[in-house]
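Biologist: Before we discuss this protein, could you put the sequence and the model up, so that we can go through the side-chain contacts together?

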Amino acid sequence: MPHIKLRESSQSKTKSTVMRKKVLIIGANGFTGRRVLDDLSRNIAYRVTGCSLHDDICPGSGDYHFVRTDICDNNALEKLFEAVRPDVVVNTSALSVPDYCETHHEEADAINITAVSRLAEYCRMHDSRFIHLSTDFVFSGNTDRLYTEEDTPGPVNYYGHTKLEGEKRITAICENYAIVRVVVVYGAALPGQHGNILQLVADRLRNNEEIFVVSDQWRTPTYVGDISQGVEKLINRPRNGIYHICGSDCLTIADMARRVADLLGLDRSLIRPVTTKEMNEKTPRPRFSGLSIEKACRELGYQPHTLEEGMKIMFGV
């Protein structure tokens, strides 16, 4: 990796008298990471550096620095921390496709466990606050009520296992951390980013294509902007622990698809609800993994959008 030298933009220099927290965002090209990068870089309180395995997908779009870094490369990670010396590290990166993780254990371990452990170690060494994104898939789904942060995890697939192990490493290593569990993140994707279930449904229905969606798996979908809101609250309220940052609506994935159809005036008869058994997925998934946001609302003042509100923003209606 080449030597890293961070240079302030002219806009940054005009803010030099302001004490700005240095925030390093890992996975800044990703769907959630880019939203966090965009939001924080517009705020005078932060001096933001984005980091990704690939070049910036939207160069020049904000007041931030961008560094191409492989977080699985320990030498590169050390140089990154030495160059940035972050006050806060936000890790949005992960190998997050359950089907892929189920058959690629070594790769999943490297990104979701080993790299997370190293990030936690460097955060401890540099006195950086570590905010790490996790998932509802740490739970088994054998319940009919919203999971709280105090409930015992029990993942049913390898992706969930690696994410839970990453959480454990952080709590064992870090003195200043927050683990943020999110669920079915949705919103408008940028070119080059992976879409999400709501976008997939809209695209299929607009093309008059049938779409098969699971009718007996419950989730609490999360508008991507709400994660950014939650992350910023955790930057400025440095409490340790786990926080569920997601939406307040708990519904099946089939119901999410119907909500998209109704909002956009598309043909909901093209939506084919099927059970988990009928879907015959190779990778098991939790039946019910809705998360309670009571703690985040009470301690952080977190206020998420409803699914209806988030979809209207996403689709511009």
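**Contacts and packing in a predicted model**

Modeller: The backbone oxygen of P86 lies 2.6 Å from a polar atom of the side chain of S128, and I should say at once that this is a predicted model.

Biologist: Is S128 buried or exposed?

Modeller: S128 belongs to the loop between helix 5 and strand 5 (129-135). Leaving aside neighbours within four places in sequence, its contacts include F81, P86, V89 and N176. Its relative accessibility is 4%, and residues under 20% are classed as buried, so S128 counts as buried.

Biologist: F81 also appears in helix 3, so on how wide an arc do the buried residues of helix 3 fall?

Modeller: The buried residues of helix 3 (residues 74-84) are A76, L77, L80, F81 and V84. Seen down the helix axis they line one face of helix 3, because they fall within an arc of 135°.

Biologist: Which elements do the buried residues of helix 3 pack against?

Modeller: Four strands and a helix need to be named here, and I list them in order of sequence. The buried residues of helix 3 pack against strand 1 (21-26), strand 2 (46-52), strand 3 (64-68), strand 4 (88-91) and helix 5 (105-125).

Biologist: At the start of helix 3, which residue has a side-chain oxygen that reaches to the backbone nitrogen of N75, and which residue with a positive phi follows the helix?

Modeller: At the start of helix 3, the side-chain oxygen within 3.1 Å of the backbone nitrogen of N75 belongs to D73. Helix 3 is followed by a residue whose phi is positive, near 50°, and that residue is R85.

Biologist: Around helix 7, how wide an arc do the buried residues cover?

Modeller: In helix 7 (residues 197-206), the buried residues are L198, V201, A202 and L205. They are on the same side of helix 7, because the arc they cover around the axis is only 95°. An α-helix has 3.6 residues a turn, so residues three or four places apart point the same way. What covers the buried residues of helix 7 includes strand 7, strand 8 (211-214), helix 9 (253-264), strand 13 (271-274) and helix 12 (307-315), and the arc asked for is 95°.

Biologist: How many aromatic pairs are there, and why is the pair of Y186 and Y223 tilted?

Modeller: With ring centres required to lie within 6.5 Å, the count comes to five aromatic pairs. For Y186 and Y223 the centres are 5.8 Å apart and the planes stand at 50°, so the pair is tilted. Y186 lies in strand 7 (residues 185-186) and Y223 in strand 10 (residues 222-223), so the pair ties together parts that are 37 residues apart in sequence. Y186 is buried at a relative accessible area of 1%, and Y223 is likewise buried, at 6%.

Biologist: Which residue has its charged end over the ring of Y243?

Modeller: The charged end in question sits 4.4 Å from the centre of the Y243 ring, and it belongs to K295.

Biologist: How many disulfides does the structure hold?

Modeller: The sulfur of C51, a buried residue with a relative accessible area of 0%, is 11 Å from the closest cysteine sulfur, in C72, which is too far for a bond. The sulfur of C250, a partly exposed residue at 32%, is 8.9 Å from the closest cysteine sulfur, in C246, again too far for a bond. The number of disulfides in the structure is zero.

Technical notes:
Residues numbered from 1 in each chain as written. Predicted model: local features only at pLDDT ≥ 70, side-chain atom pairs only at ≥ 80, totals over all residues. Heavy atoms only, no water. Phe/Tyr/Trp six-rings, centres within 6.5 Å; stacked < 30°, edge-to-face > 60°. Helix = DSSP H or I, 4+ residues; strand = E, 2+ residues; numbered from the N terminus. Buried < 20%, exposed > 50% of the residue type's maximum accessible area, 1.4 Å probe, protein only. Lys NZ or Arg CZ within 6 Å of the ring centre and 35° of its normal. Arc of directions from axis to C-beta. Contact = heavy atoms within 4.5 Å. Polar contact = N/O pair within 3.5 Å; in protein donor to acceptor, adjacent residues only side chain to side chain. Disulfide = S-S within 2.5 Å.
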